Amino acid sequence: MTGRVLRWGLLGTARINRAVIPPLRVSRGNQLVAVASRDAAKATSYAREWGIERAHGSYEALLSDPGIDVVYIPLPNHLHAEWAIRAARAGKHVLCEKPLALDVSEVDAMEAAARENGVVLAEAFMYRHHPQTLKVKDLVEGGAIGPVRLVRGTFSFPLSRPDDVRLQPEWGGGCLWDLGCYPLSFTRFLLGREPVEVFGSQVLGPSGIDETFVGQLVFRGGVLAQIDAGFRSPVRAEIEIVGTSGTIRVRHPWKPVPDQPILLTRGEETEPVAVAECDRYLLEIEDLAEAVAAGRSPRVSLAESRGNVATIVALLESAREGRPVRL
């Protein structure tokens, strides 16, 4: 990185901010300077609570602030494209929460806005930056389990708040958009290619969103994958990669736990593979800063984000229509 410090603004007061505020405070190349809310009093109160220098009473005011270089977008899913595009047009770099958008046309418009205005836009998949994820990729590519035949991934937890935005279908709610995007992203990252066919099954809740979702994916080369997600199941998070000569099991793929190493099984022997503990949110923030400094793409490229969105859209279409969908 260069000696320049990037000044960050939070476009909203969402709960997920609590994960990015601490690393922004310790990162040498990044500084949190502002927060915005559509309610000026709420912005002021939030800034006081978290020790943030400036509070803006509208999102537009934050984008007009010349003292901000990067905008973090933690808004509900249906607002990601609009505000990422507006931030890019204001000359701000953007770290946008997942999912980046709700269809590929939105991703394309976001990419165009970033390119035309010379800014970096990245999707906030924090797990992608952790050494555990990179180690699993290295093991697979190094042939530790032979050619991959199957990937199985899961993410679920009970969602009990009746007013949660993730239960609103018109806001891009549902467990596939919120949770299933993780095992889907990991699977595509590991295999390095897109599925050619998907089949989705879902159980809808009272509001019309998918409360439980199971997706099956077919990749070229005879590789299959299965993902599941849910808001009405216990906390579950796991990735299993099955090769011709062994398996890799990751018990906490999204939030790595120091005493739960990667498990590499070959034959009768299982070898624990430990990785260094670190703050995945800090790594995510510093990756964006390094992309800005070096003029490169972030670790999670827009092409990768587009592929994830396209696959989710296809899975949801399949579940609605009860048929496989080819991509």
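**Exercise 1. Work out what surrounds D287, and decide whether D287 is buried or exposed.**

Start with the neighbours: once residues up to four places away in sequence are dropped, D287 touches H129, R296, P298 and R299. Contact here means heavy atoms within 4.5 Å.

A quick note before going on: this is a predicted model, so local features need pLDDT of at least 70, side-chain atom pairs count only at pLDDT 80 or more, and totals for chains, interfaces and linings use all residues. Residues are numbered from 1 along each chain as its sequence is written, and side-chain values use heavy atoms, with hydrogens and water left out.

Next, place the residue: D287 sits in helix α8, residues 280–294. Helices (H or I, at least four residues) and strands (E, at least two) are DSSP runs, numbered from the N terminus.

Now the accessibility: D287 comes out at 8%, so D287 is buried. The scale is relative accessible area, with buried under 20%, exposed over 50% and partly exposed in between (1.4 Å probe, protein chains only).

Last, the polar side: the side chain of D287 reaches the backbone nitrogen of R299 at 2.8 Å.

**Exercise 2. Find which backbone oxygen the side chain of S207 reaches, and describe where S207 sits.**

Look between strands β8 (197–204) and β9: S207 is in the loop there.

Then list the contacts. Leaving aside neighbours within four places in sequence, S207 is in contact with L167 and P169. L167 supplies the backbone oxygen, which the S207 side chain reaches at 2.6 Å.

How about cover? S207 has a relative accessible area of 35%, so S207 is partly exposed.

For a distance check, take the C-alpha atoms of S207 and E240: the two residues are 33 apart along the chain, and the atoms are separated by 32 Å.

**Exercise 3. Trace the strand order of the open sheet and say which strands stand at its edges.**

Read the order off: β14-β13-β12-β11-β7-β10-β9-β8-β15, which is 9 strands with mixed pairing. Two strands pair if DSSP finds at least two bridges between them.

Now check the ends. β14 (269–273) and β15 (325–326) are the edge strands; each has a single partner strand, so one side of each is left without a neighbour in the sheet.

Zoom in on β14. Its link to β13 (residues 262–266) is antiparallel and made of 5 bridges. Within it, L263 stands opposite P272 in β14.

One more stop: V218 lies in strand β9, residues 210–219. At 31% relative accessibility, V218 is partly exposed. V218 also joins L150 and L224 in a nonpolar surface patch with about 210 Å² of accessible area together. Patches take residues with over 30% relative accessible area and no salt bridge, joining like charges within 9 Å and nonpolar side chains (Val, Leu, Ile, Met, Phe, Trp, Tyr) within 5 Å. The areas come from the Shrake-Rupley method with a 1.4 Å probe, and for residues only the protein chains shown count as cover.

**Exercise 4. Identify the salt-bridge partner of E238, then look at other charged pairs in the model.**

The general idea first: side chains of opposite charge can pair when their charged atoms come close. A salt bridge is a side-chain nitrogen of Lys or Arg within 4 Å of a carboxyl oxygen of Asp or Glu, and the structure holds 26 of them.

For E238, the partner is R152, at 2.7 Å from N to O. This pair links distant parts of the chain, with E238 in β11 and R152 in β7 (residues 148–156), 86 residues apart.

Compare the cover. E238 is buried at 14% relative accessibility, while R152 is partly exposed at 27%. E238 lies in the stretch 236–243, and its contacts beyond four places in sequence include R249, V250, R251 and P253.

A second pair is E271 with R266, at 3.5 Å. E271 is partly exposed at 40%, and R266 is partly exposed at 40%.

A third pair is E317 with R323, at 2.8 Å. Here E317 has a relative accessible area of 24% and R323 has 33%. Elsewhere, salt bridges that share partners join K98, R161, D164, R166 and D178 into one network.

Technical notes
Polar contact = N/O pair within 3.5 Å; in protein donor to acceptor, adjacent residues only side chain to side chain.
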